[in-house]
There are 2 protein chains.
Amino acid sequence: MPARDGAAPGPVRRATIKDVAEAAGVSRSTASRALTGRGYVGLGVRERVQHAAEGLGYVPDATARHLKQQVSRSIGVLVSDLRNSFYADLAAGISQQARRRGYTMMLADDNGSAADEVAAAERFVALRVAGVVVTPVAPDVVAYLSRHRVPLVEVDRQFGEGASDAVLVDNKHASRRVTEHLIGLGHRRIALLIDEMEWTTGRERHAGYEEACRAAGLPLEESLVVAARWDAGAARAAAADLLRRPDPPTAIFAANNLLAEAVWRAAADLGVRLPDDLSLASFDDAPWMSMVTPQVTAVEQDAVALGETAVTRLLERIEAAQAPPRTVMLGARVLQRGSTGPPPARAAVRSGSAGAGA
Amino acid sequence: MPARDGAAPGPVRRATIKDVAEAAGVSRSTASRALTGRGYVGLGVRERVQHAAEGLGYVPDATARHLKQQVSRSIGVLVSDLRNSFYADLAAGISQQARRRGYTMMLADDNGSAADEVAAAERFVALRVAGVVVTPVAPDVVAYLSRHRVPLVEVDRQFGEGASDAVLVDNKHASRRVTEHLIGLGHRRIALLIDEMEWTTGRERHAGYEEACRAAGLPLEESLVVAARWDAGAARAAAADLLRRPDPPTAIFAANNLLAEAVWRAAADLGVRLPDDLSLASFDDAPWMSMVTPQVTAVEQDAVALGETAVTRLLERIEAAQAPPRTVMLGARVLQRGSTGPPPARAAVRSGSAGAGA
DNA sequence: CTGAAAGCGCTTACAG
DNA sequence: CTGAAAGCGCTTACAG
């Protein structure tokens, strides 16, 4: 119930506990005790104070309280790109869980820049957040926050291995299962289009892919693994290059939703039909993948759960600062959909297909 | 440059300005002046203090500073659903612009609940944010924040008409243009699938639709305007009902991206082909709309720009608390794509098409 | 059961 | 040019 509807315009100055105390005819100490519920206070008094507070539209200053108590009820969150549905879902999960636990979320979007990331972390330290959840783009942010003794949880990928908490997806296993699915369909030339292979995500996804290939006795052809970094245009060009080769792969495993989009568009540009000419599988499901025809086979990560778990872990860490770091690994389901099917009968034949594309 | 890499583990207690002052051999006042740059300080002294601060990994406590200065450098942001790309893009724009202007963003997701929204606003007031940007779901939050004299900008829709600032899209005009586009293609039975018509968004989009119909001399058939609220399942059912009528519309204008998705899926369920059997246009473009075949004709809102503009407006408001409220109206482009085409030759004929659907 | 006093970390007139 | 003092709004032992 948001205070009373003041008929007259409220005071220009915001009401403080001093105002409440005076209105109720008690000391600030007593007013504080009445309002917070800690410490004794006479029966009538409590009500009198609460009434006065309501009448004044008093909202305690959380910053002043935190300054005195030296504990904060906000957490800092640092993601790479809110416009990507993965990070947006992650932020949604974090926000929900934080609210449930009584915390406020400060959110910064670092555009994938390591410098912006550290700058945002500094701001979080200045604001004395209780802890930080981050999808790091470089080790710097982890080092910085650790040095400042800020409770920290890395999500999705990890740079502080063994030194900080993390909530990750079982990348290697999910990646292996997707590759096995493709092999099971009969593919023997499977390309992996990936952003990079230094981060834990890239490393593990690549490892899962290789494991599956090796287990099936497929040769590991270097040219089938393409690292396209983070530029959408470059990724699309890389996908097109792959498809225009004299010996194109019959399947492409795209290591994230952006790369899958790049392959999808490149295939459309070149008139390559899914799944007849090419099978496509994606790590990370995105809304469009179940809207298109055929739908795209994908690893469903449940980014919302990832975010919720990260907050839970962070609050545990805040409670027990000395406990050894822990990495929580979440499973992921492979959603088999229409974009993956058996390879073309005579794969080698499909060569110079439709238009040359842009 | 994030402090030095301390070889020994840092102190358990965070360094304060007192520590810095002692290390530099000056008073706290002088240390403060040296660090903030306000007020005189001797030449050698400034360097000595800065050096000491760096050595201690000193990060000023922003909450303490704000308590003293009574001004805050954070803004509160309240959106309805981060998982919807519209709100995610909006938040991305707000976050970027806030960072550029030196502000931190506190973000809350209210799940479309008016109660959650007010609760989050209370938290923002407690944290003494400099201002709030909100996509309101009910008038309550606007009333609450106004009563507490918190600078406020409403985005996308507006409840505090004439009383608070707003950044809106020109809903009526864009809606009219989309409808005209459909009429131009030859459609005469155009349905409007909308969430509700009490908010400014719904009201204006509906008005634009009616204006275009009226101008073209089309009868305003009540049964062609369907308000489906916010449940995805219900929206899909409503869309299916529309399509299964004995006298189905030849075009549907969906008033947001979720409703467009509902129509898209319902059409697929029923084997209704776009644009041959049905034309579909959407208010608000979403990533999937340019991935599917045919692509979906949509009003492109540029949610990122909406967010950036809202922050700019909010900071202006903070500067000039007394200035009269202003509403900024942003244009929107109609992206004509493949989902809209001429109506079927003999519309009435297409009746009991494929499967009955769920 | 209540109030005076101290103090969280900072900044800012004001003496000197 | 510098430092002692006051104060932002709150909470919390501690006397009484």
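**Contacts with DNA and sheet architecture in the predicted model**

In the predicted model, a backbone N or O atom of A64(B) lies 3.2 Å from a base nitrogen of DNA strand C. A further contact with a base of this strand involves K68(A), a polar backbone atom of which is 3.3 Å from a base oxygen of DNA strand C. The backbone of chain A also meets the phosphate groups of this strand, since a polar backbone atom of G42(A) is found 2.5 Å from a phosphate oxygen of DNA strand C.

These contacts belong to a surface of 26 residues that surround DNA strand C, the closest of them being S29(A), R33(A), G42(A), I17(B) and R28(B). Of the atoms of DNA strand C that come within 4 Å of the protein, 60% belong to sugar and phosphate. At least two residues of this surface are supplied by each of four helices, namely α2 (28–36) and α4 (62–69) of chain A and α2 (28–36) and α4 (62–69) of chain B. By residue class, the surface near DNA strand C consists of 9 nonpolar, 10 polar and 7 charged residues.

DNA strand D is likewise surrounded by 26 residues, and here the closest are I17(A), R28(A), S29(B), R33(B) and G42(B). Sugar and phosphate make up 59% of the atoms of DNA strand D that come within 4 Å of the protein. Several residues of chain A approach phosphate oxygens of this strand: a polar side-chain atom of S32(A) at 2.8 Å, a polar backbone atom of D61(A) at 3.0 Å, and a polar side-chain atom of Q69(A) at 3.5 Å. Helices α2 and α4 of chain A, together with α2 and α4 of chain B, each provide at least two residues of the surface near DNA strand D, and this surface comprises 9 nonpolar, 10 polar and 7 charged residues.

The UniProt record, in an unreviewed entry, lists residues 15–69 of chain A as "domain: HTH lacI-type". In the model this span is 71% helix and 0% strand, and its end C-alpha atoms lie 21 Å apart.

Beyond the DNA contacts, an open sheet of 12 strands includes strands of both chains, with mixed pairing and the order β11(A)-β5(A)-β4(A)-β3(A)-β1(A)-β2(A)-β2(B)-β1(B)-β3(B)-β4(B)-β5(B)-β11(B). Its edges are formed by β11 (327–330) of chain A and β11 (327–330) of chain B, each of which pairs on one side only, and from one strand to the next the twist averages 20 degrees. At the chain B end of this order, β5(B) and β11(B) pair in the parallel sense over 4 bridges, with M329(B) in β11(B) as the bridge partner of L168(B). Helix α5 (residues 85–100) of chain B lies across strands of both chains, namely β2 (104–109) of chain A and β1 (74–79), β2 (104–109), β3 (131–134) and β4 of chain B, and runs at about 175 degrees to β1(B). In the loop between β4 (152–155) and β5 (165–169) of chain B lies D156(B), a residue that has a positive phi of about 75 degrees although it is not a glycine.

A separate description applies to an open sheet of 6 strands in chain A, which has mixed pairing and the order β7-β6-β8-β9-β10-β12. Because β7 (225–227) and β12 (333–335) of chain A stand at the edges, each with a single partner strand, one side of each is left without a neighbour in the sheet. The twist averages 15 degrees from one strand to the next. Within this sheet, β9 (residues 279–283) and β10 (residues 297–300) of chain A pair in the parallel sense over 3 bridges, and A281(A) stands opposite T297(A) in β10(A).

Helix α8 (residues 171–184) of chain A packs on this sheet, where α8 touches β6 (190–194), β8 (251–254), β9, β10 and β12 of chain A and its direction makes about 170 degrees with that of β9(A). Helix α11 (residues 257–270) of chain A lies across β6, β8 and β9 of chain A and runs at about 160 degrees to β9(A). Two cis peptide bonds occur in the loops around β9(A). The bond from L274(A) to P275(A) is cis, with omega near -5 degrees, and P275(A) lies in the loop between α11 and β9 of chain A. The bond from T293(A) to P294(A) is also cis, with omega near -10 degrees, and P294(A) lies in the loop between β9 and β10 of chain A.

Note on methods
Residues numbered from 1 in each chain as written. Chains lettered and ligands numbered in written order. Predicted model: local features only at pLDDT ≥ 70, side-chain atom pairs only at ≥ 80, totals over all residues. Heavy atoms only, no water. Near = heavy atom within 4 Å. Polar contact = N/O pair within 3.5 Å; in protein donor to acceptor, adjacent residues only side chain to side chain. Nonpolar A, V, L, I, M, F, W, Y, C, P; charged D, E, K, R; others polar. Pairing = 2+ DSSP bridges. Axes fitted to C-alpha atoms, helices over the stretch in contact; angles between N-to-C directions. Contact = heavy atoms within 4.5 Å. UniProt positions renumbered as here; feature names shortened; annotations may be inferred.
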